[in-house]
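Me: Could you walk me through this structure in a few friendly questions and answers? Here it is.

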Amino acid sequence: MDNSSLAAIWLTCKLATLVTVLLLLIGAPIAWWLANTHSRLKGAVGAVVSLPLVLPPTVLGFYLLLVFGPHGFIGKAMDAMELQRLPFTFAGLVVASILYSLPFVVQPIQNAFEAIGKRPLEVAASLRATPWDAFFSVAVPLARPGFATAAILGFAHTVGEFGVVLMMGGNIPGKTQVLSVKIYDYVENGDYAQAHWLAGGMVLFSFIVLLLLYSRRQRSSWSR
Amino acid sequence: MEARFRIDYPGFILDVDLRLPEKGITALFGPSGSGKTTVLRCMAGLERATGGFLSIEGQVWQDDERGIFLPTHERPLGLVFQEASLFPHLSVRGNLEYGMKRAGNAGGEGFDAMLDLLGIRALLPRAPDRLSGGERQRVAIARALLTRPRLLLLDEPLAALDMKKKQEILPYLEALREELDIPVLYVSHSPDEVARLADHLALIENGRVAASGPLMETLARLDLGPAFADDAGVVLETTVAAHEADGLARLEFPGGRLYVPGHGKAPGSRLRCRIHASDVSLALNAHGDTSILNALPATVAAVADAVAPGHALVQLQLADGGPLLLARITERSRRALAIAPGLAVVAQVKSVALL
């Protein structure tokens, strides 16, 4: 395996870890709101969050490029604030990955919050816990299996993305060239041996992640 | 305490106005779907009534006219639900401390006494899913009380338990009745639990208060309707006077005495017993030639139709200002004996349920 492969692996791990942490922080309140709201917006917000599940990644990448590009409204705003525009940067990859993997994190957490139901929070309130206190001392600990599933799925899905990163990040070695893009690169250049290393590694990684996930599920269904 | 709530649900209106004593157990009794649990949830602030008012010992928790509504976590109350509601991620001790810390009782005032009162000391290190249903409810009651509430709300705490577990936990609840000096609201649809535990009864039917008053007086009313239809009867508070040589125990109460089969309670202790209206028959004079032991002189106070067809419910005033008794007799007997208010009769009690 050559150095550029290692650089791609390292970049991918860095990206997936950062995205997972940010996703848990962003996803938990969205999941909480979706699980508890009676708002008419619930359906719309749920649908928007789930859009990346059905959209081709290229569609998402295309609009991200437009919005964050020099003529997009966020791109212009960032220019005005003298910030670097996001396309073809690592930060751009992070933003794109967060949007792309959001449903994989929000849904397991939302399911976990819904499974807890209202009762434990009512009990917490009757024991003088403020709503914030009850969220952190009761809802989050009880939803822990949901958070674990969300983290695993969010990480794995970020590692596995291709279309969005290619459109938003391009293919800059060491900066935006992640594993999946690197494999594409090798195949294009006919370097199948290098492609095998990375592709085979991805198969193994994905298998282990799913194995972890499914054996965890089985364990928790036994203990009930 | 004073509580008024009104909620309009589609197809159901809850409209209650309750004035309840500041001490003792008040049973909110009624059939399922009558709204009694909703009343409790309104008191806890978990349900938002329109035009609600709630004050306890002069402290107003809710007064919608003045825009006052304390959220649940600011109301000093204890709440125990029907099903086990312990936090599964905390041990028994962790559950107890959860409320103590947040209610400003981190020092654990009353902790040891509470463990003994509810018999849960040995359970402290255990996880909730390693407890029996009865143990879980005892822990939940202790957890609620350790927050030093000004009001304890119990929502059918025994309903999810089988007969044996109920018998296990009832003595603890009776002990609480003696210990607590805060009002306790006990939602129940079990006449037995109400008869055994309550001091005060509020009957809820179709979202309204059908009757409210001291337990014994209220149970002796003739207009309680179908709630107690099969179970009309009164509760007497008696004192165990003596255990006699032939195995019977003599119970005394103001205005009379009862002989019941012997039991474990020591002479001098208090014992509640329940006399079903269907177990009381009437005679015009006392005759010795009957196998029925308990014959109490009484005066007919009122007569009404019983829910059962062809039957009448007779309210009896026992002698010497004693308590009221109910008797259910057939309409035919009522005519034959010319039972009417003012008539002196002898109430023959066929059986007495000890509570």
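**Hairpin, helix and interface**

Me: Which residue of β2(B) is the bridge partner of B:Ile7?
Reply: This is a predicted model, where local features need pLDDT of at least 70, side-chain atom pairs count only at pLDDT 80 or more, and totals for chains, interfaces and linings use all residues. Residues are numbered from 1 along each chain as written, with chains lettered from A and ligands numbered from 1 in written order. Strands are DSSP runs of E with at least two residues, helices runs of H or I with at least four, numbered from the N terminus. In β2(B), B:Ile7 has as its bridge partner B:Leu14.

Me: How many bridges join β1 and β2 of chain B?
Reply: Strands pair when DSSP finds at least two bridges between them. β1 (residues 2-9) and β2 (residues 12-19) of chain B run antiparallel, and the bridges joining them number eight.

Me: Why are the buried residues of α7(A) on the same side?
Reply: Buried means 20 or more other C-beta atoms within 10 Å of a residue's own, exposed 12 or fewer, with C-beta atoms placed from the backbone and partly exposed in between. In α7 (residues 131-142) of chain A, A:Ala134, A:Ser137, A:Val138 and A:Ala139 are buried. They lie on the same side because the directions from the helix axis to their C-beta atoms cover an arc of only 155°.

Me: How many residues of chain A are in contact with chain B?
Reply: Contact means C-beta atoms, placed from the backbone, within 7 Å. Chain B brings 17 residues to the contact, and the number from chain A is 13.

How values were computed. Contact = placed C-beta atoms within 7 Å.
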